[in-house]
There are 2 protein chains.
Amino acid sequence: MAQNEKITINDIARRTGLSKGTVDRVLHNRGEVSRKSYARVMEAIQELGYEPNVFASLLAKGKKHLIAILLPAHEPGTFWDLAVSGIALTTDSVTSASLETKLFEYDQYDIDSFRTASAAVLEAAPSGVVLAPMFQEATQAVTEQFQARGIPYCFIDSRPESNGYLAYFGMPLHKSGYLCADQLTRGQDISSVLIIRVRRDRYQQSDPTVNRRAGFLDYMLEHSPECKIDNVFIDPNDPAGIDQVLESYFTGHPDVHHIVMFNSRIHLVVPFLRRHPDPGRRVVGFDNLKANMEALRDGTVSVLICQRPEEQVRLAIEALAEHAILGKIPPRKDHFMHMDILTRYNVEDY
Amino acid sequence: MAQNEKITINDIARRTGLSKGTVDRVLHNRGEVSRKSYARVMEAIQELGYEPNVFASLLAKGKKHLIAILLPAHEPGTFWDLAVSGIALTTDSVTSASLETKLFEYDQYDIDSFRTASAAVLEAAPSGVVLAPMFQEATQAVTEQFQARGIPYCFIDSRPESNGYLAYFGMPLHKSGYLCADQLTRGQDISSVLIIRVRRDRYQQSDPTVNRRAGFLDYMLEHSPECKIDNVFIDPNDPAGIDQVLESYFTGHPDVHHIVMFNSRIHLVVPFLRRHPDPGRRVVGFDNLKANMEALRDGTVSVLICQRPEEQVRLAIEALAEHAILGKIPPRKDHFMHMDILTRYNVEDY
DNA sequence: AAAAATTCCGTTACCGTGCACGGAAATTCA
DNA sequence: TGAATTTCCGTGCACGGTAACGGAATTTTT
């Protein structure tokens with residue numbers, strides 16, 4: 001409070017009778033300092049409450065830190081497209097002057113492309129990496145490389161069992177399924193629900209929808225144990241097939257009104273739903289894709305549960321930046337983000 | 001992309017055959033430069049794509065910018081307490097090295113204390129001010145002072161008619177009332193609602209609840225025109241009185257189940273509601289005060305509509321910082337923030 | 001005890017801008 | 001035309017920290 005003047009390494013040098021070169025050496029403990037001098041400097045730092053000047057430091061070393069972002073290809077209108085848009089959110093022009101971000105993309109259905117992309121990341125020798133764990137073993141493999149090279153990394157979206165990451169930013173998956181069920185049923189008893197699922201591929205992937213579904217089922221078991229729960233599977237790349245599947249299901253089950261989908265692709269079934277309106281129907285999906293929000297606006301979808309993937313990316317980048325530039329490590333590892341409930345009445349300003 | 005090396009004012013000096021002193025003069029156009037030289041420098045800046053090095057600049061001038069925050073006193077558990085907690089969110093340690101924030105508080109029921117606080121802000125000659133418009137004319141008066149002195153300012157929470165502010169961060173008020181009604185009724189017809197209001201004081205204050213109520217009534221008019229809407233008034237400082245008012249209202253109107261309140265004080269009526277449970281009741285309030293969230297958890301309150309006042313403060317500070325440090329002006333003035341819907345199932349990670 | 005090797009430490013040249021000072025060049029005045 | 005101004009512009013130090021370089025002091029070797 002009182003003493004306004006920031007104290008510098010020169011002050012410490014003077015105080016200890018040493019030179020700023022020596023002070024600098026102990027600050028970055030890069031050796032070549034006697035025990036005695038080391039102790040004296042540390043003491044002075046304590047006493048005077050020295051704090052390094054970030055600007056001077058950054059200016060002097062003039063290094064640009066590279067943050068690598070390793071994500072599935074962001075085809076327009078997909079979840080990963082949202083995530084990627086968060087890179088630009090690293091708004092802070094000051095910080096960003098010493099930060100460079102580079103996006104490494106891969107095909108989320110092709111493990112080899114992931115391996116190639118990982119290799120490229122390692123090649124680039126970044127100061128930090130943001131990634132989503134898609135392929136379990138391959139992710140494990142690459143993060144071990146990161147650790148071996150002392151490269152910090154953050155997970156977004158979901159999180160593997162491992163433990164070496166700097167931080168994780170994502171939605172509490174099980175809870176999100178629970179919330180989803182509550183929004184669908186509005187806390188009232190319902191008699192039937194249809195879960196629409198996407199058939200997964202051969203590789204063992206980390207799949208957030210598993211936990212969501214579990215949360216959903218837990219809620220239903222507690223609140224609507226009588227409720228009949230059906231599952232149908234669709235193929236994202238076959239719109240005609242989707243229509244067929246739904247058509248045949250609903251002709252067989254005219255009494256089913258409610259629909260949920262635990263991934264971001266609720267928009268895939270929207271065309272069908274538009275053609276077959278049902279005033280008693282409720283539809284809940286996930287993630288604020290453009291197409292999903294459109295469906296929310298016109299009432300085809302009742303509720304979307306969203307997790308701000310852009311924010312997750314932004315926060316991950318910031319955590320890595322703080323680590324790289326200032327050597328800070330975030331107090332918490334796991335950051336469970338708020339689950340946003342979107343309806344047609346609050347979708348506009350999202 | 002290709003040329004990696006950042007170009008500096010020295011490069012420009014060399015290119016133009018002038019000295020860096022001159023280049024610096026045109027960069028900050030502080031005169032003492034001939035037309036011809038000025039033009040040449042500008043041209044070179046264009047051609048080479050010069051961008052100043054923020055760190056060097058900040059280091060050289062070494063000035064700490066002061067951002068003043070002018071808000072109602074943040075008594076624990078109030079809305080303004082939340083807002084104030086956002087000051088600490090100016091997380092970016094790099095930026096914050098050149099930023100200093102100072103909180104100026106006043107009594108939101110005492111216009112003189114506001115005047116005193118405003119005077120103190122002017123006294124401090126800050127590089128920017130964050131404020132919420134409580135007293136209309138007094139706010140007008142002080143912002144005129146800011147403009148006269150070239151001090152940029154941002155509004156949060158709500159926004160007066162005037163026009164000289166740098167940016168505004170807040171909830172779309174009318175829409176929030178609309179949303180509130182939808183959450184209360186769940187889109188279904190209801191027959192009656194009770195609006196609980198706080199009697200306002202003598203001074204003409206900027207009152208966000210007016211717009212919210214308007215939005216609410218608009219919704220009801222559209223969706224439940226038959227609905228009977230009652231109003232009662234309570235005094236925040238008289239708990240016993242609150243109980244009396246509610247007691248007498250509900251004994252007279254046992255058929256009324258639904259309750260809304262358009263300010264952050266829904267927690268005031270929670271004790272009464274807890275003592276008089278009603279399974280058919282729905283209660284909607286605003287803002288994530290601790291007490292409100294508690295009531296959400298135990299089911300006394302059904303839904304809270306929240307606006308992240310901390311984020312508003314953070315964003316306002318960041319906007320001012322960018323302006324003060326880098327001279328940037330934000331692209332948009334008005335930032336309507338997303339309205340968060342909180343239920344017992346997503347309140348935990350908020 | 002002298003030479004060789006280590007361990008420590010001070011000096012110094014930057015990093016890119018900001019800014020004060022003083023002087024050269026151009027202009028105005030007498 | 002020479003002096004007095006006014007316009008312009010270059011020089012140089014400061015900001016706080018980084019890191020290479022080389023030398024003094026100390027320790028180890030022969």
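**Close-up views of a predicted protein–DNA assembly**

**View 1. B:Asp24 at the backbone of DNA strand C.** A polar side-chain atom of B:Asp24 is placed 2.5 Å from a phosphate oxygen of DNA strand C. The model is predicted: local features require pLDDT of at least 70 and side-chain atom pairs pLDDT 80 or more, whereas totals for chains, interfaces and linings use all residues. Side-chain values rest on heavy atoms, without hydrogens and water, residues are numbered from 1 along each chain as its sequence is written, and chains are lettered from A in the order in which they are written.

**View 2. Further side chains at DNA strand C.** An N or O atom in the side chain of A:Ser37 lies 2.3 Å from a phosphate oxygen of the strand. For B:Lys20, an N or O atom of the side chain is 2.9 Å from a base oxygen of DNA strand C.

**View 3. The protein surface near DNA strand C.** There are 27 residues around the strand (near: a heavy atom within 4 Å), and A:Thr22, A:Ser37, B:Asp24, B:His28 and B:Tyr50 come nearest. Of the strand atoms within 4 Å of the protein, 60% belong to sugar or phosphate and the rest to bases. Helix 2 (20-27) of chain A gives the most to this surface, with four residues (helices: DSSP runs of H or I, at least four residues; strands: runs of E, at least two).

**View 4. The interface of chain B and chain A.** In chain B, 42 residues are in contact with 43 residues of chain A (heavy atoms within 4.5 Å). The two chains bury about 3,700 Å² between them, 57% of it on carbon and sulfur atoms (accessible area lost on being put together, 1.4 Å probe, summed over both parts). B:Phe55, B:His338 and B:Tyr345 supply 22% of the area that chain B buries against chain A, more than any other three residues.

**View 5. A salt bridge between the chains.** The side chains of B:Arg308 and A:Asp340 form a salt bridge with an N to O distance of 3.6 Å (a side-chain nitrogen of Lys or Arg within 4 Å of a carboxyl oxygen of Asp or Glu). The count between chain B and chain A is four salt bridges.

**View 6. The relation of the two copies.** A turn of 180 degrees and a shift of 0.0 Å along the axis lay chain B on chain A with an RMSD of 0.1 Å (least squares on C-alpha atoms of residues with pLDDT of at least 70 in both). The copies are thus related as by a two-fold rotation axis. In chain B, the C-alpha of B:Phe55 is nearest the axis, 2.4 Å from it.

Key:
A polar contact is a pair of N or O atoms within 3.5 Å; within protein, one must be able to donate a hydrogen and the other to accept it, and residues adjacent in sequence count only if both atoms are side-chain atoms.
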